[in-house]
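Biologist: I have a protein model open and would like to learn how to read it. Could we go through it together, one feature at a time?

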Amino acid sequence: MHWGCPVSPSSGERYSHQAVERVRASAADDDELAALVALAGLPNLGPSRFWSLLDLGAPTEVWGRVVTGRVPPSGRADDAAYKWQAWGRRVTPAQVLERHRAEAIHLLPYGAAGFPEAFLDDPDPPVVLFGAGPQQAKSAVAVAIVGTRKCTRYGKDVAHELGALLAGRGVPVISGLAHGIDAGAHAGAMTTDPRQCVAVVAGGLDVVYPKGNRHLWNEVRAHGRIMSEWPLGAAPQRWRFPARNRLVAALASVVVVVESAERGGSMYTVDEALRRDREVFAVPGSVRSPASAGTNRLIADGAQVVATPLAFADALVPMRDLSPRDGAPRVQSWLLELIGWEPIAFEGVVQASGRSVAEVNLEIERLISLGSVRRFGAVIERLS
């Protein structure tokens with residue numbers, strides 16, 4: 001449900017055609033691409049101001065204006081543009097571009113090949129994206145799992161289970177790699193299909209934040225996808241987190257809030273999701289838990305309820321085409337090898353496999369989504 005939120009204007013209405021075409025053209029020209037990447041690193045340059053700069057000309061022309069102090073100020077006394085000239089004179093765009101290529105960073109200007117389609121008609125798209133990790137396969141649905149950093153054990157367990165169930169069904173799991181709910185969701189996705197982890201961060205892809213998530217960060221980069229609209233070296237300043245959250249909302253077709261206070265980053269993500277007409281779900285929690293105050297309020301205001309992680313995953317499956325393809329590789333699974341072609345009780349699978357109930361359940365759900373098994377109550381039957 002969408003709470004009757006109007007759809008915002010497309011990027012084509014908000015940003016000039018000339019600026020958009022200049023960004024598109026930069027993908028095919030190293031000089032323009034180098035200038036674009038250098039511009040992305042300007043101190044305190046927000047997305048909207050970045051687009052307005054490109055109304056002045058091609059990236060190389062705008063860069064020339066920066067280093068000669070000819071960028072029109074915004075009129076504010078604290079305008080960051082007053083510091084850009086001195087900063088720009090210490091930067092060589094060609095060297096910045098080479099550094100990103102040396103570190104295998106994918107550079108995706110707006111509209112370039114590989115640029116996420118979700119951003120093309122977004123009301124507030126990034127000018128350029130910086131990505132690392134394998135390219136993601138297209139998916140009809142993706143789920144953002146968000147919530148407080150100060151989560152309870154209940155919240156982290158639910159986020160972990162949601163991440164595992166969704167990734168196991170081939171659904172991309174999007175989050176911000178923060179402590180708490182974000183980390184729980186991606187840690188769960190890692191247990192079933194690490195390729196489905198998609199992280200959007202608020203700084204350069206070489207600036208791990210929070211530092212305690214370094215291992216998870218590296219795992220997502222190695223197997224999934226991590227992206228930012230900020231170049232290497234950019235610090236995760238406070239103002240960049242709301243900007244990051246709008247990208248999380250834009251990439252997702254569904255946003256799930258697991259635990260949240262009534263105010264904070266998660267609620268900003270919800271606002272951005274509603275602005276884009278995205279579905280919003282919330283996990284109910286104790287009325288006595290401050291960590292669930294925001295999610296319970298969302299439910300009271302009309303958000304859809306995540307009754308159980310499994311029920312949510314079941315409801316999401318029809319939104320994707322999970323039917324087997326002709327010529328598709330045979331599904332590999334320890335469970336298929338175990339059960340053979342005779343129906344078997346769930347309890348028998350647990351006993352014969354020596355695995356936990358949760359692990360068996362997750363594998364069954366993964367194989368159901370692939371059309372390899374079906375479940376009748378407590379009995380499992382192989383189909384392919």
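Biologist: Let me start with one residue. In which helix is the place of Arg24?

Modeller: Happy to help! Keep in mind that this is a predicted model. Arg24 sits in helix H2, which covers residues 17-26.

Biologist: Is Arg24 buried, exposed or partly exposed?

Modeller: We judge that by relative accessible area, and values between 20% and 50% count as partly exposed. Arg24 has 35%, so it is partly exposed. Leaving out residues up to four places away in sequence, Arg24 touches Tyr110 and Gly111.

Biologist: How many residues lie between Arg24 and Asp122 in sequence, and what is their distance in space?

Modeller: They are 98 residues apart in sequence and 16 Å apart in space, C-alpha to C-alpha. Try another pair: Asp314 and Trp87 are 227 residues apart in sequence and 52 Å apart in space, again C-alpha to C-alpha.

Biologist: Where is Asp314 found, and which residues is it in contact with?

Modeller: Asp314 belongs to helix H14, residues 309-316. Setting aside neighbours within four places in sequence, Asp314 is in contact with Arg169 and Glu365. With 40% relative accessibility, Asp314 counts as partly exposed.

Biologist: Now a whole helix. What should the twelve residues of helix H11 span?

Modeller: A helix rises 1.5 Å a residue, so the twelve residues of H11 (residues 240-251) should span 16 Å. The end C-alpha atoms of H11 are 17 Å apart, which agrees.

Biologist: Is H11 mostly covered or mostly uncovered?

Modeller: Mostly covered: eleven of its twelve residues are buried. Among them are Arg240, Phe241, Asn245, Val248 and Ala249. You can follow one neighbour of this helix through Thr269, which is found in helix H12, residues 265-275. Thr269 touches Val146, Asn245, Val248, Ala249 and Val255, not counting residues up to four places away in sequence. Its relative accessible area is 2%, so Thr269 is buried.

Biologist: What about the loop between strand E7 and H12: which residue has its place there?

Modeller: Ser260 does, and strand E7 is 254-257. Ser260 is buried, with a relative accessible area of 2%. Its contacts, beyond residues up to four places away in sequence, include Thr148, Ser266, Pro290 and Gly294.

Biologist: How do I read two helices against each other? At what angle do the axes of helix H3 and helix H7 cross?

Modeller: Imagine a line through each helix. The axes of H3 (residues 30-40) and H7 (residues 93-102) come within 8 Å and cross at roughly 85 degrees. Angles of 65 to 115 degrees count as roughly perpendicular, so H3 is roughly perpendicular to H7. Residues making the contact include Leu33, Ala34 and Val37 of H3, and Val96, Leu97 and His100 of H7. The residues of this contact divide into nine nonpolar, one polar and two charged.

Biologist: Why look for groups of nonpolar residues at all?

Modeller: Because in soluble globular proteins, nonpolar side chains tend to be buried together. Here, the largest nonpolar core has 99 residues, and Ile145, Val256 and Phe312 have the most contacts inside it. H3 gives the largest share of this core, eight residues. A second, separate core of eleven residues includes Leu336, Val349, Val350 and Ile380.

Biologist: Which residues does Val256 touch?

Modeller: Not counting residues up to four places away in sequence, they include Val143, Ile145, Leu162, Phe281 and Phe312.

Biologist: Last, the backbone. What is usual for phi and for peptide bonds?

Modeller: Most residues other than glycine have a negative phi, and most peptide bonds are trans. Now look at Ala104, in the loop between H7 and strand E1 (106-109). Phi of Ala104 is near 60 degrees, a positive value in a residue other than glycine. Leu177 also has a positive phi, near 60 degrees. Leu177 lies in the loop between strand E4 (173-175) and helix H9 (181-192), and at 0% relative accessibility it counts as buried.

Biologist: And which peptide bond is cis?

Modeller: The bond from Tyr209 to Pro210 is cis, with omega near -5 degrees. You will find Pro210 in the loop between strand E5 (197-200) and helix H10 (214-223).

Technical notes:
Residues are numbered from 1 along each chain as its sequence is written. This is a predicted model: local features need pLDDT of at least 70, side-chain atom pairs count only at pLDDT 80 or more; totals for chains, interfaces and linings use all residues. Side-chain values use heavy atoms; hydrogens and water are left out. Helices (H or I, at least four residues) and strands (E, at least two) are DSSP runs, numbered from the N terminus. The expected span of a helix is 1.5 Å times one less than its number of residues. Buried means under 20% relative accessible area, exposed over 50%, partly exposed in between (1.4 Å probe, protein chains only). Contact means heavy atoms within 4.5 Å. Axes are lines fitted to C-alpha atoms, for helices over the stretch in contact, and angles run from 0 to 180 degrees between N-to-C directions. Angles under 35 degrees count as roughly parallel, over 145 as roughly antiparallel, 65 to 115 as roughly perpendicular and the rest as oblique. Ala, Val, Leu, Ile, Met, Phe, Trp, Tyr, Cys and Pro count as nonpolar, Asp, Glu, Lys and Arg as charged, and the others, Gly among them, as polar. A nonpolar core is a set of buried Ala, Val, Leu, Ile, Met, Phe, Trp, Tyr and Cys residues joined through side-chain atoms within 4.5 Å.
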